[in-house]
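Here is a set of questions and answers on one protein model. Look over the sequence and the structure before reading on.

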Amino acid sequence: MRSYLEPLIGTKDLAREGQRWIASLHNRDLAAVGPALKRLTVPTLITWGTGDIFFRLRYAHWLRDTIPGATEVVTIDGGRLFFPDERAADLVPHLRAHWAAHAAV
């Protein structure tokens, strides 16, 4: 986690900048890209950790329903924001299966 956060909060100035950036985040930003996502036809695997209180599973389903190329939603039980790094062993089999199923695309 340190490798993710240090560029944002490694100094007092960076911490203030990081705080301003986090405060500026809003779900309307994701909603604003909805029209572009509706044109995304490439095979898309949506992976979602179920243990993060900020990213509820309903958003994974919104992405699945919005992206025409979405193939499935895979949940990582108890996974949080950094689950791809922290729980790579849980994620990799799903990625390999997705890539194998869509190798010719």
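Contact here means heavy atoms within 4.5 Å. The model is predicted.

Q: Not counting residues up to four places away in sequence, which residues does T44 touch?
A: T44 is found in strand 1. Leaving out residues up to four places away in sequence, the residues touched by T44 are I67, G69, A70, T71, E72 and H98.

Q: Is T44 buried or exposed?
A: The cut-off for buried is under 20% relative accessible area. T44 has 14% relative accessibility, so T44 counts as buried.

Q: Which backbone oxygen does the side chain of T44 reach?
A: T44 sits in strand 1. At 2.8 Å, its side chain reaches the backbone oxygen of V42.

Q: Is H98 buried or exposed?
A: H98 belongs to helix 7, residues 88-101. Buried means under 20% relative accessible area. The relative accessibility of H98 is 9%, so H98 counts as buried.

Q: With which side chain does the side chain of H98 make a polar contact?
A: Beyond its neighbours within four places in sequence, H98 is in contact with P43, T44, L45 and T71. A polar atom of the H98 side chain also lies 3.4 Å from the backbone oxygen of P43. The side-chain to side-chain polar contact, at 3.4 Å, is with T71.

Q: Where is T71, and which residues does it touch, not counting residues up to four places away in sequence?
A: T71 lies in strand 2, residues 70-76. Setting aside residues up to four places away in sequence, T71 touches P43, T44, L45, H98 and H102.

Q: What is the relative accessible area of T71?
A: Partly exposed covers the range between the buried limit of 20% and the exposed limit of 50%. T71 falls in that class because its relative accessible area is 35%.

Q: What distance separates the C-alpha atoms of T71 and L95?
A: T71 is in strand 2. Along the chain, T71 and L95 are 24 residues apart. Their C-alpha atoms are separated by 12 Å.

Q: Which residues make up the largest nonpolar core?
A: This core has 7 residues in all. Strand 1 (44-49) and helix 5 (57-66) each supply at least two of them. The members are L37, I46, W48, A60, L63, I67 and A70.

Q: How many residues form the other core, the one that includes L45?
A: This core lies apart from the largest one. Its members include L45, I76, F83 and L91. The number of residues is 5.

Q: Which residues does W48 touch, not counting residues up to four places away in sequence?
A: W48 is one of the residues of the largest nonpolar core. Beyond four places in sequence, W48 touches F55, R56, L57, Y59, A60, L63, V74, T75, I76 and F83.

Q: Is L91 buried or exposed, and which residues is it in contact with beyond its neighbours within four places in sequence?
A: L91 is in helix 7. Its relative accessible area is 9%, so L91 is buried. Leaving aside its neighbours within four places in sequence, L91 is in contact with T47, I76, F83 and P84.

Q: Which residues form the nonpolar patch on the surface?
A: F54 is one of them, and its place is in the loop between strand 1 and helix 5. F54 counts as exposed because its relative accessibility is 65%. The patch has about 460 Å² of accessible area together, and its residues are I53, F54, F55 and L81.

Q: How many salt bridges does the structure hold?
A: Side chains of opposite charge can pair when their charged atoms come close. One of the salt bridges joins R87 and D90, at 2.6 Å from N to O. The structure holds 4.

Q: Which residue forms a salt bridge with R20?
A: The two partners both lie in helix 2 (residues 12-24), 3 residues apart, about one turn of the helix. Their N to O distance is 2.3 Å. The partner of R20 is E17.

Q: Which residue forms a salt bridge with R64?
A: R64 is partly exposed, with a relative accessible area of 35%. Its partner counts as exposed, at 58% relative accessibility. The closest N and O atoms are 2.9 Å apart, and the partner is D65.

Definitions and conventions. Residues are numbered from 1 along each chain as its sequence is written. This is a predicted model: local features need pLDDT of at least 70, side-chain atom pairs count only at pLDDT 80 or more; totals for chains, interfaces and linings use all residues. Side-chain values use heavy atoms; hydrogens and water are left out. Helices (H or I, at least four residues) and strands (E, at least two) are DSSP runs, numbered from the N terminus. Buried means under 20% relative accessible area, exposed over 50%, partly exposed in between (1.4 Å probe, protein chains only). A polar contact is a pair of N or O atoms within 3.5 Å; within protein, one must be able to donate a hydrogen and the other to accept it, and residues adjacent in sequence count only if both atoms are side-chain atoms. A nonpolar core is a set of buried Ala, Val, Leu, Ile, Met, Phe, Trp, Tyr and Cys residues joined through side-chain atoms within 4.5 Å. Patches are made of residues with over 30% relative accessible area and no salt bridge: like charges are joined within 9 Å, nonpolar side chains (Val, Leu, Ile, Met, Phe, Trp, Tyr) within 5 Å. Accessible areas come from the Shrake-Rupley method with a 1.4 Å probe; for residues, only the protein chains shown count as cover. A salt bridge is a side-chain nitrogen of Lys or Arg within 4 Å of a carboxyl oxygen of Asp or Glu.
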